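Work through the short exercises below with the model open. Each task is followed by a solution in steps.

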Amino acid sequence: MDDRLITAIVVVVGVPGVLVGYIWGTEQVLRLFGGRMQPRIRPWLWLLPALGFLGVFLVYPTIGTIIRSLQDKAGTEFVGLANYAWFFSNDNALSALKNNVLWVVFLTVFTVGIGLLISVLVDRVRYESVAKSVIFVPLAVSMVAAGVIWKFMYEYRPPGEPQIGTLNAALGAVGTGPVAFLQAQDFSMNTFALIAVMTWMWTGFAMVIISAALKSINPELLEAARMDGANEWQVFRGIIFPLLVPTLAVVSTTIVITALKAFDVVYTMTSGNLETDVIANLMIKQMFSFGDFGRASAIAVVLLLAIVPIMLFNIRQFRSQEAVR
Amino acid sequence: MTRARYLAPLMALGLVLAACTSASPSASPGTSSGPSASAGPSTGEDDLTGQSVTVIGTWGDAEEEAFLAMVKPWEDATGATVKYTGTRDINTILTTGVASGVLPDLAGLPGPGQMAEYAAAGALKSLDDVLDIATYESETASGLVSLGQADGSTFGVFIKASVKGLIWFNPGLYDYTDNAPATWDDLLTQGAANQGSAQALWCLGIESGAASGWPATDWIEQIVLHQAGPDVYNQWWAGDLAWDSPEIRGAFEVYMNDVVGKSFGGGTNAVATSFLTAGDPLFTSPQGCEFFHQASFITGLGDFPNRTAGTDYNAFPFPSINDAYANAVEGAGDLFGMFHDTPAAKSLMRYLVTADAQNIWVRIGGALSANKNASDYPDDISSTMGSMVANAEMLVFDASDQMPAAMNEAFWSTMVSLTNGSITIDKALSDLDAVAADAYGS
């Protein structure tokens, strides 16, 4: 029999077997304790595998990365904060940091803003589900594929040549010269061209969540406001928006984290050239191209420190929402 | 083991005999396709049935098929099998492999610099006792032999080679086949005189994903080599010459003025155009450009495979800028090294350097042989390029590939910014000097 077939059978039968076996085993262990202790110990025993995995695959590597970020390229000597000093004094790193700020601010504003607009507008039309599906589909496209697709959209040919990029062909049709979207650096135009790709992908995500929150608003509230003579803008401004704020906060934090982790689109479309680099791409370069694990770890730690407050905010927001329910 | 050692001299004799038989040029190159029947004698002594050799290389698709066709006669003769894995990420795999000890038997090496590093780390095995060095050196282009040496021992051999710095043109516009411009000034004046309906002098395209910019670094390398010579060239990539020295600055100026300034669509178009299709405007009507600079492997890419060598395109060597360095050639190639000295790996290594083995790939096309006796080239252009490698008086390897990885990458991306017109030459050179201060130290 084929080795792979045997492996497949072992996995299909073995994994559930091990899980059931673990539960059975914990019950055997619990019998050793008194009846009163059992309910206190059981949750911990059930959590143990998950905690073990978290420890091995998350806590241990995080501590390892922090230690490694204080070491030199080869990992033989401690260099103190030299890797961090490099990060905050290197032109490329600072440019990447600046770009990440652009990503965080504009990706969040664009996706949440457009997502809110669309979900409020399509809430009132008959073909709502079709419209929402169309906007949601890009999220299912892999980021690398999205990068390749948009590279074709942005394709540039010199003036006078047939434009094969969709956007430049459209510009040509209205009589304007071609624009080198991914090469133009004025006002960070190429970075915004990349942010537009992620906006195209993530607007659907924001829209779906906001739309769900919109549906959960009690229609009687809106009706009461309209009875009292509020116009549609006042209804939105005074009732709908305040009720959506907790949802908008959760969506925004998710998008902020996505923006901080931005890598695939940049890597496939410009590879960080012409000042479009972002922190994640810089980290990959330092680690896999230059073999400098010290600097790569320092970048990872900076990224982690940037994400932690947002994560905490997200968790707190989530808890307060749970408390309301 | 003793048997293998006893057989080594016999093997060497076999190599010599095989080399001699294949030295007589076959009457009709190109007609005999498939593995040569004489591949047997050079390998037949080993019975390695059931053994296997793991090989990692950068070849995929057509190149992978060509390599597998190349090792097929060896597999048939010895009974051993080759387990080949192709990856573009060979640098990462070997760097981590040397640290962890998990390595293939044979592997393509990124360049002579990395080869020396792996050899110094003790991971790479010397080939001095594996190959018959005297025969190998006599059969192989001398420039390639020395690129495979570190500390006086041979660690790497070239499976195939390519010539960089060729100027491609379309004979339909003006035929330079028999009167190629000898000097850079000739090229510029003749090019302008014969430009005809072509829209620009040069085609230029430097986009290449994460490696964007390398075709521009190749340009700088050619100009440095022909303007300042191999010694300056070698000091430059080794980090012993500042970027902001007159020799390097001069090359950057020639590139910006005579190449980017006279390119089809200008610098921004060059940055937006993939190197794969950059030469295609040679074949449009009217032509986008008159000349296109690229290595010999371009004949397998873009629109070239759909065209006929000799009538639709042809090439001449990079013209001389300073006559003292007229015979300098920049080559590149697939350097191969051995990490585990198993009998099968050694046997395969001995086989790969033979003319019989290399002729298989040469006949398939897209490769120049490192072995002077492998000359079954499919067309005249390949044949000319093959002899350029074999007879080069001064052969240098790709400079950027020999720089530390961080320097190489900065060189690429700086060339992208410079070609795009985003930065000046002054800024480019001072940026690169700043990176050099950091990159060569570690």
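**Exercise 1: A strand pair in chain B**

The bridge partner of B:I167 in β10(B) is B:F316. This is a predicted model. Task: find how strand β7 of chain B and β10(B) pair, and over how many bridges.

Solution. Start with β7 of chain B, which covers residues 166–169. Next, follow its pairing with β10(B): the sense is antiparallel. Then count the bridges: there are four.

**Exercise 2: The whole sheet**

Task: state the strand order of the open sheet in chain B, and say which strands stand at the edges.

Solution. The sheet has four strands, in the order β8-β9-β7-β10. Pairing is mixed. Now look at the edges: β8 (200–203) and β10 (314–317) of chain B stand there. Each has a single partner strand, so one side of each lacks a neighbour in the sheet. Finally, add the twist: from one strand to the next it averages 30 degrees.

**Exercise 3: Where the chains touch**

Task: describe the side of chain B that touches chain A.

Solution. Count the contacts: 20 residues of chain B meet 16 residues of chain A. Then assign helices: α4 (90–100), α11 (266–272) and α16 (405–419) of chain B each supply at least two residues of this side. The most comes from α16(B), with six residues. Last, sort this side by residue class: six are nonpolar, 13 polar and one charged.

**Exercise 4: Domains of chain A**

Task: which domains are assigned to chain A, and how far apart are their C-alpha centres?

Solution. The domain assignment gives domain 1 (3–68) and domain 2 (82–324). The C-alpha centres of these two domains of chain A lie 37 Å apart.

Conventions:
Residues numbered from 1 in each chain as written. Chains lettered and ligands numbered in written order. Predicted model: local features only at pLDDT ≥ 70, side-chain atom pairs only at ≥ 80, totals over all residues. Domains from an automatic or database assignment. Contact = placed C-beta atoms within 7 Å. Nonpolar A, V, L, I, M, F, W, Y, C, P; charged D, E, K, R; others polar. Pairing = 2+ DSSP bridges. Axes fitted to C-alpha atoms, helices over the stretch in contact; angles between N-to-C directions.
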